[in-house]
Amino acid sequence: MFLDSARSRLAALEREHLLRTPRTLAAPTGPTALIEGRERIVLCSNDYLGLAGHPKLREALAAGAMTWGSSASASPQVSGTLRVHEEAAEAIAAFMKQPAALLFPSGTAANHGAISALVGPGDIVFSDALNHASIIDGCRLSRARVVVYPHADTRALDALLRAHRHEGATALIVTDAVFSMDGDTTDLKALARVASRWDAGLLVDEAHALGVVGPGGRGFAAACGVHPDLVVGTFGKAFGLAGAFAAGPAELIAVIANRARSYVFSTAMLPALAAAIPSSIELVRGADDARARLELASATLRQELSALGFQIPPGRSAIVPMLLGAPERAMQFSTRLFDLDVFVHGIRPPTVPIGTSRLRIVPTAAHTEAHLERVLAAFSALAQADELRPIDDPRMRVSLANRLDEDLECGLGRGSGR
Ligand SMILES: *Cc1c(COP(=O)(O)O)cnc(C)c1O
C-alpha cells in the first residue's frame, strides 16, 4: 500500500517526462568527463572557473584530513568549533569584506538556516518569484508571512512593501544575485534603495555570482557597489569545493549561529574541507584570466546559438539558457546532444516554470576553443533536424519579455552587447 503510492508517483513523473535519473560519471568531472564509455564535453556543471580538482585544492583537502581527521563529530554548538573552521570563516568574511561569517555544510542548509533564524512568525519576507528552491524553503521554514514579488521587478516590490510592510515587525527582502536557471540578474542598487526606504533587511544569495563576477570575483553586490545586510554563498560552485557560508554583521551571524536549525542540529562542516577553503579563496581571487575566458566562452555560445535560430534570452552571466518549451523536447534535445558527446542536462518543472523547459548551458574557464567548436558543431547538426527545430511558444515569449535590462547598470561582465 505505502509502496504503491511511491510507484504511482514514479509512474506519474515518467508519464509527464519529469522523472530524473542522473548519469554515472566514471571519472572526476572537468571540462569533459567519462560517461557511458566515452569522453564527453560537460556543459552542465557549476565549476565556472575550472577549479574543481585543482591540485592545490586536492593537496589542501588531503593535508587537512591528515591534520584534522575525518569528521567534526558533532554540531559546533555541542562539541565546540575547530580552529580550522574559525580560520576558514575568518578568511571568507575578509574576502567578502563583511565583519563575520558562519560556515554551513551546504548552500541549501545556509539558506534554510539564515532565513528562518532572522525572521519568524509576525515578520514578513519579500522573495523574488524566481529565487532558488532553498530560499523558498527557508522562507517557508521561518513561518514569517511570505510575499512573492514578480521576478526582478523592483517597482512592483516597492508597491508590495507599501501595501504590506506594516504587517511584519521585521521585514526581509531576499534575492538571488544571478538567477540559477535564467542566468539573469536583478537591479541590486534599486533593491537596496527599496530596502532602506521601508526599513527592510536585504539578503543576497551569491551562489552563481561569487568567483565569477565583481572585483576579485567578490560577487554581484560588490560589482554593483551594494553592501547587503547578509550574503549567502556556496563553495560548491566557482570555488571548486563544497560547503557554504553566510556573511554579515557579527550580531546577525550570532543570531544565526544560535537559531539556525540547519546549523545547530547538524554535524559541522568536514574539517578537511574547512582547511581547503583559504586556498580556494586565493585561487578565486587570482582568477581574472579565467573569468575573462569564461565571459568570452559564454558570450560566444549565446551569440552562435542565437544565430542558429535557438531561443536564447539576453543576458551576460556564464549561464546560457536555451528555451525549448515542453519537458520532452528538453530531454530529447539533451539525449541527441549526448549522442554527439555533449553532456547538457534538460531542466524541467518544478525547477523552472511550466512551458519553459530548457537546456541550461554552462561553459567553464577550462573549456578550450576546440571544445566550444565541437559543441557548436553538435548544436548546428541538431538545428537542422526537423523534429528539433526551434518552436514558438507564447509562454516562452512571456519568459523572454519579462527580462529587465537594468542589470546593465551594475556592469555584470565587461562587454557592452546584449
Ligand atoms: C546551488 C545553489 C544553492 C545551494 O548551494 P549548495 O552548496 O549546492 O547546497 C543555493 N542557492 C542558489 C541560488 C544556488 O544556485
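This is a short dialogue on how to read the sheets, the ligand site and two backbone details of a predicted model.

Q: Let's start with the sheet of 7 strands: in what order do the strands lie, and is the sheet open or closed?
A: A good habit is to write down the strand order before anything else. Here the 7 strands run S3-S9-S8-S7-S6-S4-S5, and they make an open sheet with mixed pairing. Strand S3 (100–104) and strand S5 (145–149) are the edges, each pairing on one side only. On average, neighbouring strands are turned by 20 degrees against each other, direction ignored.

Q: Which helix packs on this sheet and touches S3, and at what angle to S3 does its direction lie?
A: That is helix H4 (residues 83–96), whose contacts are with S3, strand S8 (230–234) and strand S9 (244–248). The direction of H4 makes about 125 degrees with that of S3.

Q: And which strands does helix H8 lie across?
A: Helix H8 (residues 188–197) lies across S5, S6 and S7, and runs at about 170 degrees to S6.

Q: How do I read the pairing of S6 with S7, as parallel or antiparallel?
A: Take the two strands together with their bridges. Strand S6 (residues 171–176) and strand S7 (residues 201–205) run parallel and are joined by 5 bridges. To find your place on screen, pick threonine 175, whose bridge partner in S7 is valine 204.

Q: What should I look for in the sheet made of 3 strands?
A: The reading is done in the same way. The order is S1-S2-S11, in an open sheet with mixed pairing. Its edge strands, each pairing on one side only, are strand S1 (32–35) and strand S11 (342–343). S1 and strand S2 (residues 38–42) run antiparallel, with 4 bridges between them; threonine 32 stands opposite isoleucine 41 in S2. Helix H15 (residues 369–383) lies across S1, S2 and S11, at about 90 degrees to S2.

Q: Turning to the ligand, which residues come nearest?
A: Begin with the shell, then move on to single atoms. There are 13 residues around the ligand, and Gly107, Asp205, His208, Thr234 and Lys237 come nearest. By class, the shell holds 1 nonpolar, 9 polar and 3 charged residues. Helix H5 (residues 107–118) provides the largest share of the shell, with 3 residues.

Q: Which ligand atoms do the side chains of aspartate 205, histidine 208 and lysine 237 approach?
A: For aspartate 205, a polar side-chain atom lies 2.6 Å from a nitrogen atom of the ligand. For histidine 208, an N or O atom of the side chain is 2.5 Å from a ligand oxygen atom. For lysine 237, a side-chain N or O atom is 2.6 Å from an oxygen atom of the ligand. The ligand taken alone exposes 380 Å², of which the protein buries 84%.

Q: Why would lysine 97 catch my eye in a backbone check?
A: Most residues other than glycine have a negative phi. Lysine 97, which is not a glycine, has a positive phi of about 55 degrees. You will find lysine 97 in the loop between H4 and S3.

Q: Is the peptide bond from proline 349 to proline 350 cis or trans?
A: Most peptide bonds are trans. The bond from proline 349 to proline 350 is cis, with omega near 5 degrees. Proline 350 sits in the loop between strand S12 (346–347) and strand S13 (357–361).

Conventions: Residues are numbered from 1 along each chain as its sequence is written. This is a predicted model: local features need pLDDT of at least 70, side-chain atom pairs count only at pLDDT 80 or more; totals for chains, interfaces and linings use all residues. Side-chain values use heavy atoms; hydrogens and water are left out. Two strands pair if DSSP finds at least two bridges between them. Axes are lines fitted to C-alpha atoms, for helices over the stretch in contact, and angles run from 0 to 180 degrees between N-to-C directions. Contact means heavy atoms within 4.5 Å. A residue is near a molecule or strand if one of its heavy atoms lies within 4 Å of it. A polar contact is a pair of N or O atoms within 3.5 Å; within protein, one must be able to donate a hydrogen and the other to accept it, and residues adjacent in sequence count only if both atoms are side-chain atoms. Accessible areas come from the Shrake-Rupley method with a 1.4 Å probe; for residues, only the protein chains shown count as cover. Ala, Val, Leu, Ile, Met, Phe, Trp, Tyr, Cys and Pro count as nonpolar, Asp, Glu, Lys and Arg as charged, and the others, Gly among them, as polar.
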